[in-house]
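Biologist: I would like to learn how labels for parts of a protein are earned. Could you show me one and take my questions as they come?

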Amino acid sequence: MALLEIDNLSIALAKGAARPILDEISLTVEAGEVVGLVGESGSGKSVACRTVLGLTPEHAKTGGEVRVGDNDVLSMDRAALKQLRAKQVAMVFQDPRASVNPMRRVGDFLTEGMRAAGVSKEKAYARAEELLTEVGIRDPKGALKRFPHQFSGGMLQRVVIAAALTGDPSLLLADEPTTALDVTTQAEVIGILRRLQAEHGTGMLFVTHDLELAAAICHRVYVMYAGRIVETRTAEQLFAAPRHPYTAGLLASTPSLEEDAEPPRPIPGRPVSLAENPPGCAFAARCAFAEDRCRVETPVLKADDGGAVACLRADEGILA
Amino acid sequence: MKAESKTEAAAIGTEPAAVAGETLEVRGLCRSFGDHKAVDDVSFTLPPGGSLGIVGESGSGKTTTIRMVVGLDTPDAGSIALGGRERGRKPRGRAERLARAREIQMVFQDPYLSLDPRITVRDCIDEVLRLHGDHADKAGRDARVEELLDQVGLGEREAGALPKRLSGGQRQRVAIARALAAGPRVLILDEAVAALDVSIQAQILDLLGRIRREQGIGYLFVSHDLAVVRHITDDVVVLRNGRVVEEGRTTDVLSRPQHPYTRLLIDSVPGPGWDPDRIAESRRALAAVEGG
């Protein structure tokens, strides 16, 4: 059984939106697996990720199931959600400065959860020190006494990662955890995340807009567009042979450092906003391969060799 | 369309005298804040209509450098000259300040912060045209606003809109049109595509490439993103702790980096086959150089 199983999840805002934020998405994360959720702003990737913690937009209508272990997160009561967040699922957000209380010492921040769970002060501090060592912070004892403003962004994100690991979660959610960091710092933090994930056998759902980053660290990747999953396969396959025109377009528009790389090729138009609900395939208006039926018939995600793709013309070899 | 815009500017005759062939020369630039040397002896040259990448991470001094180049800060030492006109010292009077402002314009990273939320796109560009006094009458300015918006791919609908009705990419187009309205010789692009979605980023890079080809405006392209720098610049300087550690043709520097810091930057860029061990090795090499 998968560690995380999202099954036909739909989320619709009560008002002010023409289309659901999430439209029947399904995905799984196995124990010890790193799964990427890639998309542009407004694709619904962050909303999907937060739903795993039971954080849904206010007054939103939800459908489907989000199962962690055996339990459906969407039907949990407060006590069950608290247990879920303390013991099973932890999250690392994009901006470490927004994730910690600037008035409290790092030691307080790291031990808060453990203390609330009844761990003694000495044990909690000892564990916090151990975790800071694991994320590569020198002088962990001293670090526990310092305030967040005394850390750089990269160092603070390590503290946040340490905090996420205090409850020994089986599933780690990472929502653009390195987007706010410098590129060399990003490389360090990703290295740490991946090492810890492998050592602890944690499953990870990694949300990012950066395809290259997803390629570097994920086993499998889901690509989202306008609230739907349009393609999924292993990272290698997805990059070598994308089958959805949107995935191919994203790859072509990402500038590459390779010596003989082509200049980035833009996708015309812009992503679909929440106020629009075009019939048929949401990508049709920007797609070079769209036919009349693409603007009428909504493609469903169809399994193929090693993955799945939601494109009416995928079998015609349009991207070959 | 583009040919028309050039003739019109020439006809009005208010473009700076030396339209073509002005070099931006920065020599020995220094700026300290207290004991901290933010910029330490930085020199570079932007040839006329060229594109120079300034690459560095937080604390490298790239922002302080361009703030001095554009005139938002004054250097402690060194010179900044465009077409031989020194702009490193404080301007004397309004006329000189305006003349400097129009020569070098800037596009900022976050189009959600760089546009006044209460002013429509048309008025925002009109304001620049009025300030720089190219077009005395309203009709002339209106025509120019339309032309500028057309150059960046925006139409009548966007012209009447407030920034909040526009997407990030559209806002960045407005910011570019606004910078072009002043008729600059040099455009400073400060992480100007960093906040955009990748499909939109490619559109803006395309647009910037076209504007440079057609209008011969020089770019100072400040970025942390080496892949973007590779595609939009001819030359590059790599800054670290306020100093230039490497410079040269962009393709040479990125394919055959000489300084260990440049190598570390390149290795750190994620992609298929990305290897944390090699990055750690690069980091040790850099530490060895900087420790000794």
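Modeller: Gladly! Let's begin with Arg284(B), which sits in helix H12 (residues 276–291) of chain B. Keep in mind that this is a predicted model.

Biologist: Why is Arg284(B) called exposed?

Modeller: A residue is exposed if 12 or fewer other C-beta atoms lie within 10 Å of its own. Arg284(B) has 12 C-beta neighbours inside 10 Å, so Arg284(B) counts as exposed.

Biologist: Now helix H5 of chain B, residues 138–151: how do you know that its length agrees with what a helix should span?

Modeller: At 1.5 Å a residue, its 14 residues should span 20 Å, and the end C-alpha atoms are 20 Å apart, so the two agree.

Biologist: Which residues of H5(B) are buried?

Modeller: They are Arg141(B), Arg144(B), Val145(B), Leu148(B), Leu149(B) and Gln151(B).

Biologist: What puts them on the same side of H5(B)?

Modeller: The arc they cover around the axis is only 155°, which is why they share a side of H5(B). As a general rule, an α-helix has 3.6 residues a turn, so residues three or four places apart point the same way.

Biologist: And what covers those buried residues?

Modeller: The cover includes helices H4 (121–132), H6 (156–159), H7 (168–181) and H8 (198–215) of chain B.

Biologist: Which residues have the most contacts inside the largest nonpolar core?

Modeller: Leu205(A), Phe206(A), Ile188(B) and Leu220(B) do, in a core of 168 residues. Helix H7 of chain A, residues 153–165, gives this core its largest share, 9 residues.

Key. Residues are numbered from 1 along each chain as its sequence is written. Chains are lettered from A and ligands numbered from 1 in the order in which they are written. This is a predicted model: local features need pLDDT of at least 70, side-chain atom pairs count only at pLDDT 80 or more; totals for chains, interfaces and linings use all residues. Helices (H or I, at least four residues) and strands (E, at least two) are DSSP runs, numbered from the N terminus. The expected span of a helix is 1.5 Å times one less than its number of residues. A residue is buried if 20 or more other C-beta atoms lie within 10 Å of its own, exposed if 12 or fewer, and partly exposed in between; C-beta atoms are placed from the backbone. The arc is that of the directions from the helix axis to the C-beta atoms. Two residues are in contact if their C-beta atoms, placed from the backbone, lie within 7 Å. A nonpolar core is a set of buried Ala, Val, Leu, Ile, Met, Phe, Trp, Tyr and Cys residues joined through C-beta atoms within 7 Å.
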